[in-house]
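Colleague: I would like a close look at a single part of this protein. Please take one loop and the helices that go with it, and describe what the side chains there touch.

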Amino acid sequence: MRNFEFANPEYLWLLLLIPAAIAWYWYRLQYIHAKVAVSHFDGFNIPKTSLRQYSRYIIFAIRLLALIFLILALARPQTRISSKDISVEGIDVMLATDISTSMLAEDFKPNRLEAAKEVGIQFINSRPNDRMGLVIFSGESFTLCPLTTDHSVLINQYQTIESGMIDDGTAIGDGLAAAINRLKNSKSKSKIIILLTDGVNNAGSLDPLSAAEIAGMYGIRIYTIGVGTIGKAPYPFQTPIGIQYEQVEVKIDEALLKEVSQMTHGQYFRATNKQKLESIYQDIDKMEKTKLDVTEYARKNEEFLIFALVALILLALELILKTTVFKSYP
């Protein structure tokens with residue numbers, strides 16, 4: 001990118017001499033001619049002002065232009081050419097989301113699962129340089145979307161999540177295993193799993209702590225999020241007379257989730273409402289920043305010579321015109 005600037009802009013104040021010089025020149029014109037008082041102009045043949053008479057102002061105009069270019073040359077005009085080399089190194093992120101039936105509890109609006117989907121999509125949109133993927137789990141786990149930079153595909157898959165897509169239960173270990181399997185061969189310097197659940201591990205074939213140990217071996221960091229209010233939450237039950245709500249106790253194995261995170265140098269969060277969940281994702285976003293290397297190059301070129309040269313040419317032109325075309329005789 002090319003920018004124009006002055007190295008000594010204080011000299012530009014000298015341009016104020018230009019209107020002062022014009023005013024002085026106009027003032028002198030009023031008194032340069034001899035004055036003769038006559039009663040009337042009858043009998044005088046007064047010629048019209050010729051083009052040659054008007055041309056006498058050319059010398060003054062050339063001198064002003066020369067002065068302007070000299071002042072600009074003193075201010076040292078420069079062009080600065082700058083460029084930037086930007087290298088972006090994204091982070092590989094697997095989202096592991098619990099879709100068990102308990103995620104239908106309505107302590108989050110409209111329910112835990114829908115709130116998690118909305119906030120998760122916001123998080124995806126906030127990180128355009130990362131590769132992301134999606135694992136869902138309940139009684140078993142399933143990779144809904146492998147790592148991809150096509151976030152529109154990932155978001156479309158995220159929006160299709162519904163409770164009941166796979167067998168019910170809470171297989172936290174299997175959910176982690178599916179996410180680890182997608183990240184283990186990644187060459188990215190930063191690999192993370194964001195696991196969101198509202199329950200206690202009660203299904204699956206792999207213990208969550210064993211899964212965390214495997215993640216640590218591959219340099220994968222795990223952030224765990226427990227979703228659910230403190231105490232009891234309204235849960236919809238289908239009955240012959242329609243949906244009825246009961247207050248169900250919220251049970252989250254926070255000790256397990258904390259240990260899983262600590263084993264992989266991650267962090268555990270507790271979300272008691274949708275606003276808190278949004279805040280948690282924002283915190284993770286700040287902690288896992290995409291690497292951005294920016295190297296700026298700048299080169300300055302002096303441009304005063306062309307201004308000084310133009311001023312010299314104008315002064316020479318003034319001298320030539322004064323001694324030839326506009327030469328005055330005593």
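Modeller: What follows is an account of one loop, then of the helix after it, and then of a second pair of helices. The model is predicted, and every value below is computed from it.

As background, the chain has 10 helices and 11 strands. Of its 330 residues, 39% are buried. Among contacts between residues at least 6 apart in sequence, 81% join residues at least 24 apart.

The loop to look at runs between strand 3 (92-98) and helix 4 (112-125), and Asp 107 sits in it. Ser 100 is found in the loop between strand 3 and helix 4 as well.

Take Ser 100 to begin with. Its relative accessible area is 2%, so Ser 100 counts as buried, the cut-off being under 20%. The side chain of Ser 100 makes a polar contact of 3.1 Å with the side chain of Ser 102. Leaving out residues up to four places away in sequence, Ser 100 touches Phe 137, Ser 138, Ser 163, Asp 168, Gly 169, Thr 170 and Asp 198. For Ile 136, the C-alpha to C-alpha distance from Ser 100 is 9.4 Å, with the two positions 36 residues apart in sequence numbering.

Now Asp 107. The relative accessible area of Asp 107 is 17%, which is under 20%, and therefore this residue is also classed as buried. Two polar partners can be named for its side chain. One is the side chain of Arg 112, in a polar contact of 2.9 Å with that of Asp 107. The other is the backbone of Thr 229, whose nitrogen lies 2.8 Å from a polar atom of the Asp 107 side chain. Setting aside neighbours within four places in sequence, the residues in contact with Asp 107 are Arg 112, Gly 228, Thr 229, Ala 233, Pro 234 and Val 250.

The loop leads to helix 4. Helix 4 packs with helix 5 (residues 151-159) at an angle of about 175°, and the two axes are 10 Å apart. Because that angle is over 145 degrees, helix 4 counts as roughly antiparallel to helix 5. On the helix 4 side, the contact is made by Ala 116, Lys 117, Gly 120, Ile 121, Ile 124 and Asn 125, and on the helix 5 side by His 151, Leu 154, Ile 155, Tyr 158 and Gln 159. Sorted by type, the residues of this contact are 6 nonpolar, 4 polar and 1 charged.

The second pair is helix 7 (residues 208-217) and helix 8 (residues 254-263), which pack at an angle of about 15° with axes 9 Å apart. An angle under 35 degrees counts as roughly parallel, so helix 7 and helix 8 are described that way. The crossing of helix 7 past helix 8 is right-handed. Here Pro 208, Leu 209, Ala 212 and Glu 213 of helix 7 meet Leu 256, Glu 259, Val 260 and Met 263 of helix 8. The residues of this contact divide into 6 nonpolar, no polar and 2 charged.

Definitions and conventions: Residues are numbered from 1 along each chain as its sequence is written. This is a predicted model: local features need pLDDT of at least 70, side-chain atom pairs count only at pLDDT 80 or more; totals for chains, interfaces and linings use all residues. Side-chain values use heavy atoms; hydrogens and water are left out. Helices (H or I, at least four residues) and strands (E, at least two) are DSSP runs, numbered from the N terminus. Buried means under 20% relative accessible area, exposed over 50%, partly exposed in between (1.4 Å probe, protein chains only). A polar contact is a pair of N or O atoms within 3.5 Å; within protein, one must be able to donate a hydrogen and the other to accept it, and residues adjacent in sequence count only if both atoms are side-chain atoms. Contact means heavy atoms within 4.5 Å. Axes are lines fitted to C-alpha atoms, for helices over the stretch in contact, and angles run from 0 to 180 degrees between N-to-C directions. Angles under 35 degrees count as roughly parallel, over 145 as roughly antiparallel, 65 to 115 as roughly perpendicular and the rest as oblique. A crossing is left-handed if the near helix is turned anticlockwise from the far one by less than a right angle, and right-handed if clockwise. Ala, Val, Leu, Ile, Met, Phe, Trp, Tyr, Cys and Pro count as nonpolar, Asp, Glu, Lys and Arg as charged, and the others, Gly among them, as polar.
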